[in-house]
Amino acid sequence: MADKTDALLTDYYSGVIDTKILLRRSELQWRPNDDNIGGGRAINKVTRPLDDLIAKYETDSILHELTKQRDAIKRLETTFSEETKQIVQMHYDRRERLSWVIISLRMNLSERTCRTYQKTFKDSVAQTFNELDIAV
């Protein structure tokens with residue numbers, strides 16, 4: 001049975017989180033049209049569009065939560081062996097949709113060992129997200 005941690009890892013390894021971050025940034029960059037038709041404009045107003053955009057990025061809670069999720073998984077990934085990283089990536093990347101049999105054949109390990117590596121990684125991610133109070 002898939003849970004929220006599985007869905008998050010699937011999104012991470014399938015590139016969905018990165019896409020959501022890029023989409024959110026482009027949403028924040030978009031400015032609606034000014035409805036001040038015929039009205040005056042401030043002449044001496046100083047505009048800093050880059051500073052305003054950076055402030056929007058820093059204050060946006062959705063963008064902040066997505067980057068926290070992505071960065072936490074990246075940091076946690078570095079603590080595991082290369083073998084575990086490959087198994088987890090093959091399992092959660094839905095672009096290829098590999099079964100456990102194919103993963104075990106590619107890694108030259110038993111299917112049970114591959115599942116154990118994946119479960120250890122998943123439990124570690126869930127524990128880290130609990131400790132850091134990151135929404136899953």
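Against which helices do the buried residues of H1 pack? In this predicted model, the buried residues of H1 pack against H2, H4, H5 and helix H7, the last of which spans residues 111–132. The paragraphs below set this helix in the context of the chain and then turn to the helix contacts and to two individual residues.

The protein chain contains seven helices and zero strands, and, when read along the sequence, its elements follow the pattern α-α-α-α-α-α-α. Of the 136 residues in the protein chain, 34% count as buried, while the area that the protein chain exposes comes to about 9500 Å², with carbon and sulfur atoms supplying 51% of that area. Among the contacts in the protein chain with a separation of 6 or more, 73% are accounted for by residues that stand 24 or more positions apart.

Helix H1 is mostly covered, given that eight of its eleven residues are buried. These buried residues of H1 are Thr5, Asp6, Leu8, Leu9, Thr10, Tyr12, Tyr13 and Ser14. Just after H1, the backbone at Gly15 takes a positive phi of about 90 degrees.

One of the partners of H1 is described in further detail by the geometry of its packing. Helix H1 (residues 4–14) and helix H4 (residues 61–77) pack at an angle of about 85 degrees, and their axes are 11 Å apart. Because angles of 65 to 115 degrees count as roughly perpendicular, H1 is roughly perpendicular to H4. On the side of H1, the contact is made by Leu8, Leu9, Tyr12 and Tyr13, and on the side of H4 by Gln69, Arg70, Ile73, Lys74 and Glu77. Sorted by class, the residues in the contact of H1 with H4 comprise five nonpolar, one polar and three charged. The four residues that H1 brings to this contact, Leu8, Leu9, Tyr12 and Tyr13, are also listed among the buried residues of H1.

A second helix pair is formed by H2 (residues 16–29) and H3 (residues 49–59), whose axes come within 10 Å and cross at roughly 135 degrees. H2 and H3 are therefore oblique to each other, and the crossing of H2 and H3 is right-handed. In this contact, Arg25, Leu28 and Gln29 of H2 meet Leu53, Lys56 and Tyr57 of H3. The residues of the contact of H2 with H3 divide into three nonpolar, one polar and two charged.

Two residues from the later part of the description differ in their exposure. Val88 lies in helix H5, and, since its relative accessibility is 0%, Val88 counts as buried. When its neighbours within four places in sequence are left aside, Val88 is in contact with Tyr13, Gln118 and Phe121; of these, Tyr13 is a buried residue of H1. The C-alpha atoms of Val88 and Lys122 are separated by 8.7 Å, although the two residues stand 34 residues apart along the chain.

Ser99, by contrast, is placed in the loop between helix H5 (82–92) and helix H6 (100–107). With a relative accessible area of 34%, Ser99 is partly exposed, whereas Val88 counts as buried. The C-alpha atoms of Ser99 and Glu111 are separated by 9.8 Å, and these two residues are twelve residues apart along the chain.

Methods: Residues are numbered from 1 along each chain as its sequence is written. This is a predicted model: local features need pLDDT of at least 70, side-chain atom pairs count only at pLDDT 80 or more; totals for chains, interfaces and linings use all residues. Side-chain values use heavy atoms; hydrogens and water are left out. Axes are lines fitted to C-alpha atoms, for helices over the stretch in contact, and angles run from 0 to 180 degrees between N-to-C directions. Angles under 35 degrees count as roughly parallel, over 145 as roughly antiparallel, 65 to 115 as roughly perpendicular and the rest as oblique. A crossing is left-handed if the near helix is turned anticlockwise from the far one by less than a right angle, and right-handed if clockwise. Contact means heavy atoms within 4.5 Å. Ala, Val, Leu, Ile, Met, Phe, Trp, Tyr, Cys and Pro count as nonpolar, Asp, Glu, Lys and Arg as charged, and the others, Gly among them, as polar. Buried means under 20% relative accessible area, exposed over 50%, partly exposed in between (1.4 Å probe, protein chains only). Accessible areas come from the Shrake-Rupley method with a 1.4 Å probe; for residues, only the protein chains shown count as cover.
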